[in-house]
Structures are given as structure tokens and as C-alpha cells.
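Open the model in your viewer and keep the selection panel at hand. The tour starts at the surface and then moves inward.

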Amino acid sequence: MFNETYKLSNGLEIPKLGLGTWLLDDEQAAQAVRDAVSIGYRHIDTAQAYRNEAGVGEGIRSCGVAREELFITTKVAAEAKTYDAALQSIDESLAKMGLDYIDLLIIHSPQPWKEFREEYRYFEENKEVWKVMENAYKAGKVRAIGLSNFLQDDVENIFASCEIKPMVNQILAHVSNTPLELIEFCQKNDILVEAYSPIAHGAVLDNAEVKVMADKYGVSVAQLCLRYDIQLGLVVIPKTANSDHMRNNAELDFVISDADMETLKNVERIQNYGEHSFFPVFGGKLK
């Protein structure tokens, strides 16, 4: 699995499987990066909002693999909605991680988290942030630029004035919650879709229907969910600090049949993400 990649619209190769680091502190993130790289991972995903960029950077420097062999993603904070704020945030990320460049830089959300999916859409502000992203790309600070949590009209808003089209849209996409129309729109426009929380942040692990299918293939529910997203043409970035889980998440050498893929697309939509339901991406509201 570690050698399998997709090609971004600018020709850059990105590993299909990455390590997510959400909810890990600096120390945990540094160790997770070292463990993941020793297992074979070459794609690491972080964000300003995770507050662990320094730890990820430490892991990169101490993992024993050359920087150019790794693919590192980070994200401009959702609240950075002016040209100057976005510019500052990119330089801060580079400094915190101690890197000369970032492989993929993403706008974390079209709206600040406290206003996520509310009426005001920040269309003009996102165009300003995108200009900063384009300039960072042209300057060689980043090798690819993209979006996260952008709906179709958010993406079309960027298209309306961009010089360089977004290369990625990182979204919530998993068995029991797959936005197929948005995925299709992105793919038609040469935007690679990345799936965060591809195992539904653990909330799908107890789904009886999915368990039965995983048993049929002789794999875990987590492995089935990751394979499902990959067969949809998505990058998967499961988050874990557990090296056993890292290994299992990479054992995806099986193929889900077309009929079973259709069944998985139609699994009853998940309503409750447990203790993490308060996060805006899972339908909650920050106060």
C-alpha cells in the first residue's frame, strides 16, 4: 500500500494512505510520525488547528528518512480569512515545523469553525486567502495547494477568480456518510478528494451490517472502510498513535466487489459520532 500514489493535477505524486494526527499533542505526534515512517508511511497530515505542528516537525527530523521522501500536509487555520492573516499563518507553519517547504497546503474550512455551515459564506475572504496560497506556491514554499470542507459552491467561488486551480479537497467521507455528488464534482474538475476520519472517528466500528461484510472479506471494519474510500478514488488519512493500528490500516490488499461497494454507499447514515459529536465537522456547534 505504501508505494501506491495518486497524481495531482500539477503532476505531483501523493501517497494514497497517510497518517492523520488530529487530537495528538506534540509529544504524541512526534512519536506517531517516527513509528509511522518506520512502518512505511510517507504521508503525514497535520494542521495549525491541531496545535502539534512542532511535534510533527520533530518527528520528521528524527525519523531517519530524508525530508524529500516524505509528503507533508498542513492547513491554514479556518479563522485566517484575510490576506495578511493567511500569509502569517503559512510562515508560522513553516517555522513551527522547521521545514523549508510544505508538500500540500490546505485552507482548513471555508468558514471559521464557530460559523461552520452558517449563512455567511466568506466567499470574498476565501478568494483573498487563495491568492496567498497561489503566491506561496509560486514562491516554492508549498508544492501543492488545496481546500478542506469546501462544498461545491465554495469551490466554484475559488474557480471564479483563481490563477491556479485547487488540487485537493479534503472532506469527511466514510461508509455511512459519503458525499458522492461532491466527490464526483471534484473529480470531474481534476481535484483529488481526501477522506479525513475515514473510519468515522470509530463510530462505524459497531455497525452490524458493516461488520458482516468485513467478516466476508476476512478483514477488520477499519480495513474495509479504508479500502472503500480508496476504491472511490480517495486518499485516506486515518488518525492513530497506535503502531499496531498503523500496520493494520496499511494491509488493504483486497478488492471490494462492485455490488458490495453499492451496498456500502447506502449504509444508513450515521447520526452520532459519540464523544466527538460536538465538533462542527460531525454536526456539532462550537460556542
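Show the surface of the whole protein. About 12,400 Å² is exposed, and carbon and sulfur atoms supply 47% of that area. Keep in mind that this is a predicted model.

Next, colour the charged side chains. There are 29 positive and 44 negative ones. How far apart do the centres of the two sets lie? They lie 1 Å apart.

Switch to cartoon. Ten helices and ten strands make up the secondary structure. The radius of gyration is 18 Å, close to the 19 Å that the globule rule gives for 287 residues, so the protein is as compact as a globular protein of that length. Now draw a box along the principal axes. The C-alpha atoms fill roughly 50 × 45 × 40 Å.

Colour by burial. Of the 287 residues, 56% are buried. Then turn to contacts with a separation of 6 or more: residues 24 or more positions apart account for 73% of them.

Select residues 104-107, which form strand S6. Are its faces covered or open? Both are covered. Show the side chains. Leu 104 and Ile 106 lie on one side, and both are buried. Leu 105 and Ile 107 lie on the other side, and they are buried too.

Add residues 71-76, strand S5. S5 and S6 run parallel, joined by four bridges. Which residue of S6 is the bridge partner of Thr 74? Pick Leu 105: that is the partner. Leu 105 is also one of the buried residues of S6 just shown.

Technical notes
Residues are numbered from 1 along each chain as its sequence is written. This is a predicted model: local features need pLDDT of at least 70, side-chain atom pairs count only at pLDDT 80 or more; totals for chains, interfaces and linings use all residues. Side-chain values use heavy atoms; hydrogens and water are left out. Helices (H or I, at least four residues) and strands (E, at least two) are DSSP runs, numbered from the N terminus. The radius of gyration is taken over C-alpha atoms; the globule rule is 2.2 Å times the number of residues to the power 0.38. Buried means under 20% relative accessible area, exposed over 50%, partly exposed in between (1.4 Å probe, protein chains only). Contact means heavy atoms within 4.5 Å. Accessible areas come from the Shrake-Rupley method with a 1.4 Å probe; for residues, only the protein chains shown count as cover. Lys and Arg count as positive and Asp and Glu as negative; His and the chain ends are not counted. The place of a charge is taken as NZ of Lys, CZ of Arg, CG of Asp or CD of Glu. Two strands pair if DSSP finds at least two bridges between them.
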